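Please look at the sequence and the model below before reading on. The paragraphs that follow begin with a single residue and then widen the view step by step.

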Amino acid sequence: MTDHVIETRALTKRYGEIVAVDALELRVRRGEVYGFLGPNGAGKTTTLRMLLGLVRPTAGDAAVLGEPPGSRVALARIGAMVEAPGLYPYLSGRDNLRVLAGHAGAAPERVEAVLSETGLSARAGDRTATYSMGMKQRLGVAAALLKDPELLILDEPTNGLDPAGMAEMRAFIRSLAQGGRTVVLSSHLMGEVEQVSDRVGVIRDGALVVEGTVDQLRGRSSLRLRAEPLARAAQLVAALPEVSAVATSGRLLDVTADVTAAAGINQALVSAGIAVSEIGERRASLEDVFLEVTSNGGGSR
Amino acid sequence: MTRQLSSELLVLRKRAATWILLGIWTLLGVFFAYVVPYALDPEDGTGGIRPFLPESLAGTLLAGFPFFGGVFALMLGVFALGSEYGWDTLKALFTQRPGRLRVFAGKLAALGIVLVPFVLALFAAGAVASVVIAQIEGAPVNWPSAWLLVRAIAAGWLILAVWATLGVLLGVLTRGTSLAIGVGILYALVIEGLLSAFADSVGALEPLTQGFLRANGYSLAATLGATVDSIESSGPGSYAGPLVSSVQALAVLVAFVAAFAALSGYLLRRRDVE
């Protein structure tokens, strides 16, 4: 039995000439927080809509919790908030949840439980038209939790939240992943995904261009050093057995080596009479990776 | 299904538009069926003051359903589904457990239930108005039979249900409310209204107009006491006939409800929710 809660095979969605999702191969493992990154228009939301059965694929197929997307069996085990939460503005937060709980077949007690979990109990009786954007987002997450789902799909859940609210939401999402629940978090915010996700997939032009853990995506760390004379330093460092590559970057050297080799490299240079004024770890941020793979010609990772 | 129905009743019950439409429909229904014609000239019609008395309650009120009531029911139907697109709530509902058709069935059932107070409120208000007129005129207060009242209420509900399901279909087709209401009223006034008017002089149009909502609605109303006079003087909703049999009217109206509901359900099930 596969341990993937989401598995797509050449999933494709075309709107006329426009290919929104292009033969997407996505695998989300059970119990992980999967960060789904991509620039605006990359196909993230269309993919999520297909996984929920809201949009029919043009080609390819997908299995969600082992079932076809949108099937009653699958939907009973999925909680989702795609884009802005859909709310009846004239109903209170509590009544909005009651309506959804009625359709979902969720126990009525779940309404108060998720209101409490998302910190909305105090305003639950107010019409949602009076809610701030952040409160609406939290109510959307509360709605997604009504079924106590095995799989939670959240599309930009921190939209409209202030920094404190965003930090709170990130911690909340991490807590939701405990107990074996799988969370798919779609976002364009690197920091959010980096801090919360176990694995990350980056989509560009409808296709997955890179996937892995945050550490894998950021790649091996390297060293950057400033030394004089630079050419001699480069020659000497390149000859060291712990160094696999050296490149000059302006007045600096980028050295491909484990960070633990820094002391040895420094010692070798100083012993050779080369002045080392700076040596430190250099590592790509997730943002660097994102920009690299989402720019034209990227995606080789 | 019971919980889905109660969810949808909550959505309709707490919506101000439902109560506003109910209030306006009831007030204007009584106003145009009793207050205006009685105030203008109570003896003018073919039946004298008889249409204003309690004994004529069913026919007098039903004459206002096929067009005037239809427009209100159309709006209610459009709001029931069309608004869901604007609020993005359809997406939330369709990702719950029951599946699209069950959600739709819950919405239709709730809409059907909400139409009941629309009929009952007008009949209650009409009853009060007719008693007041009877008191003013010193006429006896004779009520129609309970059986006639039950059939009239059922017929009123069916006529409203046809227009409400047309509203649902237009709301789904246009994925909104404004265009749906515009198209619905345009259909009622221009398509049905003008063609029905031309049918008098262009005989070939007659079979077509006999399939219209207003022809069958008025025909059903006529079998329950609505006078030809009141049908022909219904302003923009007037219909000059010919009327069809009650069996045909009933069958056509039921078929329209089924067709509008089936087509709406098909579209909801097949189309992407963006």
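Is Leu223(A) buried or exposed? The model is a predicted one, and in it Leu223(A) has 22 other C-beta atoms within 10 Å; because a residue counts as buried when 20 or more such atoms lie within that distance, Leu223(A) is buried. The residue belongs to strand S11 of chain A, which covers residues 222–228. If neighbours within four places in sequence are left aside, the contacts of Leu223(A) include Val255(A), Ala257(A), Val259(A), Ala262(A), Ile265(A) and Ile279(A), and also Gly280(A), Glu281(A) and Arg282(A).

The wider setting of this residue is given by the domain assignment, which divides chain A into domain 1 (4–217) and domain 2 (220–283). The centres of these two domains, taken over C-alpha atoms, are separated by 45 Å. For a single pair of residues, Leu223(A) and Leu145(A) lie 78 residues apart in sequence, and their C-alpha atoms are 45 Å apart in space.

Chain A also holds an open sheet of six strands with mixed pairing, in the order S6-S7-S8-S4-S9-S10. Its edges are strand S6 (78–81) and strand S10 (207–213) of chain A, each of which pairs on one side only, and neighbouring strands of the sheet are turned against each other by 15° on average, direction ignored. At one end of that order, strand S9 (residues 199–204) of chain A pairs with S10(A) in the antiparallel sense over six bridges, and Arg204(A) stands opposite Ala207(A) in S10(A). Helix H1 (residues 44–51) of chain A packs on the sheet, where it touches strands S4 (33–37), S7 (151–155), S8 (182–187) and S9 of chain A, and its direction makes about 150° with that of S7(A). Helix H11 (residues 286–294) of chain A packs on the sheet as well, touching S4, S9 and S10 of chain A, with a direction that makes about 30° with that of S9(A).

Turning to the second chain, 24 residues of chain B are in contact with 25 residues of chain A. On the side of chain B that touches chain A, helix H1 (2–13) and helix H5 (89–94) of chain B each supply at least two residues, and the largest share, six residues, comes from H1(B). By class, this side of chain B has ten nonpolar, seven polar and seven charged residues.

Elsewhere in chain B, helix H7 (residues 146–174) has 29 residues and should therefore span 42 Å at 1.5 Å a residue, which agrees with the 42 Å between its end C-alpha atoms. Just after H7(B), Arg175(B) takes a positive phi of about 55°.

Conventions:
Residues numbered from 1 in each chain as written. Chains lettered and ligands numbered in written order. Predicted model: local features only at pLDDT ≥ 70, side-chain atom pairs only at ≥ 80, totals over all residues. Domains from an automatic or database assignment. Contact = placed C-beta atoms within 7 Å. Helix = DSSP H or I, 4+ residues; strand = E, 2+ residues; numbered from the N terminus. Nonpolar A, V, L, I, M, F, W, Y, C, P; charged D, E, K, R; others polar. Pairing = 2+ DSSP bridges. Axes fitted to C-alpha atoms, helices over the stretch in contact; angles between N-to-C directions. Expected span 1.5 Å × (residues − 1). Buried ≥ 20, exposed ≤ 12 C-beta atoms within 10 Å, placed from the backbone.
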